[in-house]
Amino acid sequence: MLLHIGIDDTDSAAHGMCTTYIGALLIKRLAKVGEVEEAKLVRLNPNIKYKTRGNAAVALAVRTKKVEEAKRIAKRAVEEFAVFDDANTNPGIVFYEGKPPKEFNEFYHRALHSVVEIDEAERLLKAYGAEYVKYKLGRGIVGALAAIGAELTQATYEYIAYRTRQRWGTPRNLDVDSVLKMDALTFPLTFNNFDYRERRMLIAPHTPCPVLFGIRGVSAQVVEEAAKMVLPGEEIALSVIYKTNQGTDAHLQEVSRVAEVEPFSSVILTGEVASVPRVIPGGHVFFQLRDAYGEEITCAAYEPTKQFRNVVRALIPGDRVKVYGGVDESKTINLEKLEVLKLKRERLANPRCERCGKRMESAGRDQGYRCRRCKTKAKEKVKEKLERSIEERLYSVPPIAMRHLSKPLVFCL
Ligand SMILES: [Zn+2]
């Protein structure tokens, strides 16, 4: 019998823990009753407010004859490690025997693109007679069910190393040179190891959670080999390789017009820049995008997106662009990527005076243009070439600001 076990919402931003750790521990403990054939780390809608850090859920598929014992082991692991003290931590476990129905996969897509309530998960679980456990509010059953339903047709892999328990909450000590070397040898088969411009190592978190480091890449073999190159400076207590939807842009859905953009979704939308980008205190940059129907929406590049903001600031009204990003409550698109499709290269301007070089003024309605000083005249406006500092290509926020689900630029070209 193939038993699917989904787990979510066991962690706490303040107190640490990590659902991926419980999953890794469970793989080890389930070895007593069977063999884990698949381990998925599934990222869900990154735009919802009550999410824990990365909004990640875990699903394991275990081949076992001892189904009830496997379930007991899973419940015990969650009860032992979930952060029940945190009001925002509401764990859930889902069990499903056999091949998950397509409705579970559809549920995964809803949990990725919109806001799904606990009731909806519960109705679906009851309809299929699936066993589930809710702790406190039990919001975790949403992610747990979605993780079981996730068919990762496009996937990447993550190797995660965990620390010994007594080290949790203490500073991590990874050999930076070994990480740089690993990156040099394995990029782009591994990705987001380092942000060179910000001089930040990205494989180690800065939270009190049990993770020592994680390496993301295109295959299980690649991440396993890459992990061997990292010198950890402390004991690795446990490790795991998850198949995941990270780095796949699975959250983004193309929409054809502004009217279709829903709050909390993640969209791809094509349009024309309709305003001069404005920078507000704090360094956030905003501009208006207009679709083919004349409807406008605000696009934002926030301060953490660093040098990506320079690209956004260089846009001018009339540029054709494709924007990629998460939508907030007020329907502002928080840019993750920006594809410049067609740059505006020229503009119409008043002609310049041949004698003094100054720009002419209008000589009155339908009267053409004239130089106030030299009295020279011209009939029409002239086309002027615009010097542009950006190119017609795809731009992305830097690795340091990239969402787990975002596909790195190197895979998009
Ligand atoms: Zn003149």
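Before anything else, a note to self: a residue is called buried when its relative accessible area is under 20%, and exposed when that area is over 50%.

**Entry 1: the whole thing**

I'm looking at a predicted model, so I keep that in mind throughout. I started with the overall picture. The protein has 413 residues, and 53% of them are buried. I counted up the secondary structure and got eight helices and 24 strands. Along its principal axes, the C-alpha trace spans about 95 × 50 × 35 Å. I also looked at contacts with a separation of 6 or more: 70% of those come from residues 24 or more positions apart.

**Entry 2: the zinc ion**

Which protein atoms hold the role of donors to the zinc ion? I found the SG atoms of C353, C356, C371 and C374, at 2.3 to 2.4 Å from the zinc ion. Along the chain, these donors follow the spacing C-x2-C-x14-C-x2-C. I then checked the angles that the four donor atoms subtend around the zinc ion; they run from 103 to 115 degrees, so the arrangement is tetrahedral. Are C371 and C374 buried or exposed? Both are buried.

**Entry 3: two helices packing**

I read that two packed helices are described by the angle between their axes and the distance between the axes. So I looked up both values for α1 (residues 19–30) and α2 (residues 67–81): the angle is about 145 degrees and the axes are 10 Å apart. Their crossing is right-handed. On the α1 side, the contact is made by Y21, I22, L25, L26, R29 and L30. On the α2 side I wrote down A70, I73, A74, A77, V78, E80 and F81. Sorting the residues of this contact gave me 11 nonpolar, no polar and two charged.

**Entry 4: backbone oddities**

A reminder first: most residues other than glycine have a negative phi, and most peptide bonds are trans. I went looking for exceptions.

- The peptide bond from F187 to P188 is cis, with omega near 5 degrees. P188 sits in the loop between α6 (176–186) and β7 (190–191).
- N192 isn't a glycine, yet its phi is positive, about 55 degrees. I found N192 in the loop between β7 and β8 (194–195). N192 counts as buried because its relative accessibility is 12%, and the cut-off is under 20%.
- R199 also isn't a glycine, and its phi is a positive value near 50 degrees. R199 is in the loop between β8 and β9 (200–201). Its relative accessible area is 73%, so R199 is exposed.

Notes: Residues are numbered from 1 along each chain as its sequence is written. This is a predicted model: local features need pLDDT of at least 70, side-chain atom pairs count only at pLDDT 80 or more; totals for chains, interfaces and linings use all residues. Side-chain values use heavy atoms; hydrogens and water are left out. Donors are N, O and S atoms within 2.8 Å of the metal (3.2 Å for Na, K and Ca); water is not among the atoms, so sites may look incomplete. Four donors count as tetrahedral if all angles lie between 85 and 135 degrees; four count as square planar and six as octahedral if opposite donors are over 155 degrees apart and all others between 65 and 115; anything else is irregular. Buried means under 20% relative accessible area, exposed over 50%, partly exposed in between (1.4 Å probe, protein chains only). Axes are lines fitted to C-alpha atoms, for helices over the stretch in contact, and angles run from 0 to 180 degrees between N-to-C directions. Helices (H or I, at least four residues) and strands (E, at least two) are DSSP runs, numbered from the N terminus. A crossing is left-handed if the near helix is turned anticlockwise from the far one by less than a right angle, and right-handed if clockwise. Contact means heavy atoms within 4.5 Å. Ala, Val, Leu, Ile, Met, Phe, Trp, Tyr, Cys and Pro count as nonpolar, Asp, Glu, Lys and Arg as charged, and the others, Gly among them, as polar.
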